[in-house]
Amino acid sequence: MTTTTPPHRLTRNGRYITWLISDTAKGLASALFGFAIPLIVLFVTNDPAQAGIIGAVGMATRTITTLYGGVLADRHRRIVMMVLGSLIGVVLSGAFVMLALGDALTFTTLLVIDVLLAARTGLFDVAGESALKEIVPDDAMGRAQAANQGRSAVLELAGGPLGGVLLAAGAWLIGAAMALCHVIAAVTAWMLQRTASTSPVQDPDDPDAGKPGADAGKPNAVREMREGFRWLFSRPDLRGVLFVATIVNLGFATAMTTIIYALQQAGHSTITIGFLGTAAGVAMLLGALVAPALVSRVRASVIIIGGLSVSVCAVFGMIPAREPLALAGVLAITVFFIPAVNSALMGYFMVATPTALLGRANSASAVLGMGAMPLAPLIAGFGLASIGREGTLITASALCALSVLLALSNRGLRALPVESGWRAHARQFETT
């Protein structure tokens, strides 16, 4: 007589719920600032190129510090890093409030605060992402990633309108809301740390599970970074996906930044621009609701290639759409399958990566995925000033189309199975 283990229920995993609250609060703080900073820069300078410079420098800072963040996540206790990162977020948010109240928001001060917040994200957020494998077992990772995508959709749904309302009342309110979010993130991460030793998730096939910093020898950040990249590039099931992600992220980011800059320059209010995100949030939330069923029934390769193809077609639709209502409809189509695509990509990645390497592997994949992202605000800002809205969006659309062609030609990506086959598929590429 055979027995089957019932599937892990995330709703009964108190540590996952606590982690989700902490990560959501931190995510809302980032969403508010990410929405507000380009608009504040445009209000202060009335120059899309300067807004593009700040966006590019901030993204470059985040990319560089993410490399060190992966090393820190593998050397130290990841939940402790979550607490420390949130406390630093409280301090930086408070500094932004003081600058806004003191009427000291200039190009220089906005550049400095953006760089500092980007560095905080890069150094500490990898630890939070990597801690999930210590909290959720592999057989529930796909559903956990789908739930995370639903959370991201809610943030998208609320972040834009909330940011628009707060910014209309005063930039200092953005900073105050960010500080409150980081306080919540710090408290819940501290609660998670208190229960860390009582219910760890251990993978019997991963002897280093729960032991960050398992590498022997004297710490060497550069060597440890190389190990993360070396492991990723040794995996034919993962390395091709990273190049696809780099190009598609650049294309999508360029398109969205161009739309935001163009709407602001056309005289639309921050509230109108903020509610543009409502359409994306609703579509992502609906997409997140169907993502668990897709991930468990459809091959990950089909989800990724099909979802990206639909999104790319919608990006081309942004070119003729000029009014906020039309853009909202096109944007909704663009992002509908993104939760399923991300659930398949991140779920398989988390299952395939050893716990002791997860911080560095996460940071390496993030750097490759974001590697070209600093170019997005520059392309959007200087593109609007030189070749106009249509020309810039055509450039973004061409980049997105190129990513789909690369995905179709990648054998490793085309071979990814359904969720139930992830662990077995990943073991084919493990080295002993």
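Reader: Which residues are linked in a network of salt bridges?
Author: This is a predicted model. Side chains of opposite charge can pair when their charged atoms come close. Here such pairs join into a network of salt bridges. Its members are Asp74, Arg78, Arg223, Glu227 and Arg360.

Reader: How far apart are the closest N and O atoms of Arg78 and Asp74?
Author: Arg78 counts as buried, at 1% relative accessibility. Asp74 is buried too, at 1%. The two form a salt bridge, and their closest N and O atoms lie at 2.6 Å.

Reader: Which helices does the pair Arg360 and Asp74 link?
Author: Arg360 forms a salt bridge with Asp74, with closest N and O atoms 2.6 Å apart. The pair ties distant parts of the chain together, 286 residues apart. Asp74 sits in helix H2, and Arg360 in helix H13 (residues 358-370). The helices are H2 and H13.

Reader: Is Arg360 buried or exposed?
Author: The cut-off for buried is under 20% relative accessible area. Arg360 has 2%, so the residue is buried.

Reader: Why are Glu227 and Arg223 separated by about one helical turn?
Author: An α-helix has 3.6 residues a turn, so residues three or four places apart point the same way. Glu227 and Arg223 both lie in helix H7 (residues 221-233). Their side chains meet in a salt bridge at 3.5 Å, N to O. They are about one turn apart because their spacing in H7 is four residues.

Reader: How exposed is Arg223?
Author: Buried needs under 20% relative accessible area, and exposed needs over 50%. Arg223 falls in between, so it is partly exposed, at 24%.

Reader: How many salt bridges does the count come to?
Author: The pairs above include Arg78 with Asp74 and Glu227 with Arg223. The count of salt bridges comes to 10.

Reader: How many helices and strands does the secondary structure come to?
Author: Helices H2 and H13 appeared above. H7 did as well. The secondary structure has zero strands, and its helices number 17.

Reader: What share of the contacts with a separation of 6 or more comes from residues 24 or more positions apart?
Author: The protein has 432 residues, and 54% of them are buried. Among contacts with a separation of 6 or more, residues 24 or more positions apart account for 88%.

Reader: What share of the exposed area do carbon and sulfur atoms supply?
Author: The protein exposes about 17900 Å². Of that area, carbon and sulfur atoms supply 68%.

Reader: Which residues make the nonpolar surface patch?
Author: The patch covers about 330 Å². Helix H1 (14-45) and helix H6 (171-194) each give two or more residues to the patch. Ile17, one of the members, lies in helix H1 and is partly exposed at 34%. The patch is made by Ile17, Ile21, Leu180 and Ile184.

Reader: How does the span of helix H8 compare with the expected 39 Å?
Author: H8 runs over residues 239-265, which is 27 residues. It is mostly covered, with 20 of the 27 buried. Just after H8, Gly267 takes a positive phi of about 95 degrees. The expected span, at 1.5 Å a residue, is 39 Å, and H8 comes close to that with 40 Å.

Reader: Which residue with a positive phi follows H3?
Author: Helix H3 (residues 78-101) has 24 residues. Its first and last C-alpha atoms are 35 Å apart, close to the expected 34 Å. After H3 comes a phi near 55 degrees, and the residue is Asp103.

Reader: Which backbone oxygen does the side chain of Ser311 reach?
Author: Ser311 is in helix H10 (residues 300-317). At 0% relative accessibility, the residue counts as buried. Beyond neighbours within four places in sequence, Ser311 is in contact with Phe252, Thr334 and Ile338. At 2.6 Å, its side chain reaches the backbone oxygen of Thr334.

Reader: Which residue's backbone oxygen does the Thr66 side chain reach?
Author: Thr66 is found in helix H2 (residues 48-75). The residue is buried, at 3% relative accessible area. At 2.6 Å, the Thr66 side chain reaches the backbone oxygen of Arg62.

Reader: What separates the C-alpha atoms of Ala398 and Phe316?
Author: Ala398 is in helix H15 (residues 388-409) and counts as partly exposed at 43%. Along the chain, Ala398 and Phe316 are 82 residues apart. Their C-alpha atoms are separated by 8.6 Å.

Methods:
Residues are numbered from 1 along each chain as its sequence is written. This is a predicted model: local features need pLDDT of at least 70, side-chain atom pairs count only at pLDDT 80 or more; totals for chains, interfaces and linings use all residues. Side-chain values use heavy atoms; hydrogens and water are left out. The expected span of a helix is 1.5 Å times one less than its number of residues. Buried means under 20% relative accessible area, exposed over 50%, partly exposed in between (1.4 Å probe, protein chains only). A polar contact is a pair of N or O atoms within 3.5 Å; within protein, one must be able to donate a hydrogen and the other to accept it, and residues adjacent in sequence count only if both atoms are side-chain atoms. Patches are made of residues with over 30% relative accessible area and no salt bridge: like charges are joined within 9 Å, nonpolar side chains (Val, Leu, Ile, Met, Phe, Trp, Tyr) within 5 Å. Accessible areas come from the Shrake-Rupley method with a 1.4 Å probe; for residues, only the protein chains shown count as cover. A salt bridge is a side-chain nitrogen of Lys or Arg within 4 Å of a carboxyl oxygen of Asp or Glu. Contact means heavy atoms within 4.5 Å.
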